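Please open the structure in your viewer and keep the sequence panel visible beside it. The tour below proceeds by selection, with a short account of what is found at each stop.

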Amino acid sequence: MKRFTTLSLLLFFKITFSQNMAKINLKDSCIMTGGIIALSDFKKLCKICPPGVPKINSFIISYPVNPPLYMELRCNTNHWKPADIIKYAKPGVTFIIEEIDATNSFGQKLNMKHILIGFK
């Protein structure tokens with residue numbers, strides 16, 4: 001319960017005080033950075049591709065089912081199935097992409113921060 005409370009507060013303050021737009025690439029269907037995104041654009045996205053990161057091996061998307069209850073979608077590749085989480089994306093809601101397992105071109109593990117996504 002402590003983790004969910006901390007996560008909820010973190011998401012609230014991060015999204016509230018940083019209303020920047022997320023960088024997305026609709027041609028490649030990917031989210032490049034965190035921020036605010038339109039629901040219509042989110043429906044077209046299915047992977048993450050942060051700048052300068054050649055390979056994403058896995059990640060977890062945490063999303064609210066019934067706040068403060070968050071569920072997790074574990075992805076073992078760079079893709080997720082939009083149908084799994086699109087029904088939980090609503091204006092004012094935040095998703096967090098965390099535990100990103102990434103490697104560089106030499107196969108060394110990269111330290112990745114989480115990515116917060118809010119919807120408008």
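The stops that follow move from the whole chain to individual strands, side chains and contacts.

**The whole chain**

Begin with the entire protein displayed as a cartoon, bearing in mind that this is a predicted model. The secondary structure consists of three helices and nine strands. Followed along the sequence, these elements appear in the pattern α-β-β-β-α-β-β-β-α-β-β-β. Of the 120 residues, 40% count as buried. If the surface is now switched on, its accessible area comes to about 7,200 Å², and carbon and sulfur atoms contribute 58% of that area. Among the contacts with a separation of 6 or more, 51% are between residues 24 or more positions apart.

**Strand β9 and its neighbours**

Select residues 115–119, which form strand β9. Is this strand mostly covered or mostly uncovered? The strand is mostly covered, with five of its five residues buried. The cover extends to both faces: Ile115, Ile117 and Phe119 are buried on one side, and Leu116 and Gly118 are buried on the other.

Add residues 35–37, which make up strand β3. Strands β3 and β9 run parallel and are joined by three bridges. To locate one of the positions involved, select Gly35, whose bridge partner in β9 is Ile117.

Next add residues 94–103, strand β7. Here the arrangement with β9 is antiparallel, with four bridges between the two strands. Within this pairing, Ile96 stands opposite Leu116 of β9.

**Thr103 in strand β7**

Remain on β7 and select Thr103, which belongs to that strand. Is Thr103 buried or exposed? Its relative accessible area is 13%, so Thr103 counts as buried, the limit being under 20%. Show the surrounding residues as sticks: leaving aside residues up to four places away in sequence, Thr103 touches Pro54, Lys55, Asn57, Gln108, Lys109 and Leu110.

**The salt bridges**

One of those contacts, Lys109, leads to the next stop. The side chain of Lys109 meets that of Asp101 in a salt bridge, at 3.5 Å from N to O. Lys109 is exposed at 64% relative accessibility, whereas Asp101 is partly exposed at 22%.

How many salt bridges does a search of the whole structure find? It finds two. To view the other pairing, select Glu72 and Arg74, whose closest N and O atoms are 3.5 Å apart. Glu72 is partly exposed, with a relative accessible area of 31%, and Arg74 is exposed, with a value of 57%.

**A nonpolar patch**

Return to the surface display and colour Val65, Leu69 and Met71. These residues make a nonpolar surface patch of about 230 Å². Val65 lies in strand β5, residues 55–66, and is partly exposed, with a relative accessible area of 35%.

**The aromatic residues**

Hide the surface and display the aromatic side chains. Seven aromatic pairs are found in a search of the whole structure. One of them is formed by Phe42 and Phe95, with an edge-to-face arrangement: the centres are 5.7 Å apart and the planes stand at 90° to each other. Phe42 lies in helix α2 (residues 39–42) and Phe95 in strand β7, so this pair ties together parts that are 53 residues apart in sequence. Both rings belong to buried residues: Phe42 has a relative accessibility of 3%, and Phe95 has a relative accessible area of 1%.

Now extend the selection to Phe59, Tyr63, Trp80, Tyr88 and Phe119. Together with Phe42 and Phe95, these residues form one aromatic cluster. Phe119 was also met earlier, among the buried residues of β9.

**Ile86 beside helix α2**

For the last stop, keep Phe42 visible and select Ile86, which is found in the loop between α3 (82–85) and β7. Ile86 is partly exposed, at 24% relative accessibility. Which residues does Ile86 touch, not counting those up to four places away in sequence? The contacts are Phe42 and Lys43. A distance drawn between the C-alpha atoms of Ile86 and Lys43 reads 6.7 Å, although these residues are 43 residues apart along the chain.

Notes
Residues numbered from 1 in each chain as written. Predicted model: local features only at pLDDT ≥ 70, side-chain atom pairs only at ≥ 80, totals over all residues. Heavy atoms only, no water. Buried < 20%, exposed > 50% of the residue type's maximum accessible area, 1.4 Å probe, protein only. Pairing = 2+ DSSP bridges. Contact = heavy atoms within 4.5 Å. Areas by Shrake-Rupley, 256 points an atom, 1.4 Å probe, with all protein chains shown as cover. Salt bridge = Lys/Arg side-chain N within 4 Å of Asp/Glu carboxyl O. Patch = residues over 30% accessible without salt bridge, like charges linked within 9 Å, V, L, I, M, F, W, Y side chains within 5 Å. Phe/Tyr/Trp six-rings, centres within 6.5 Å; stacked < 30°, edge-to-face > 60°.
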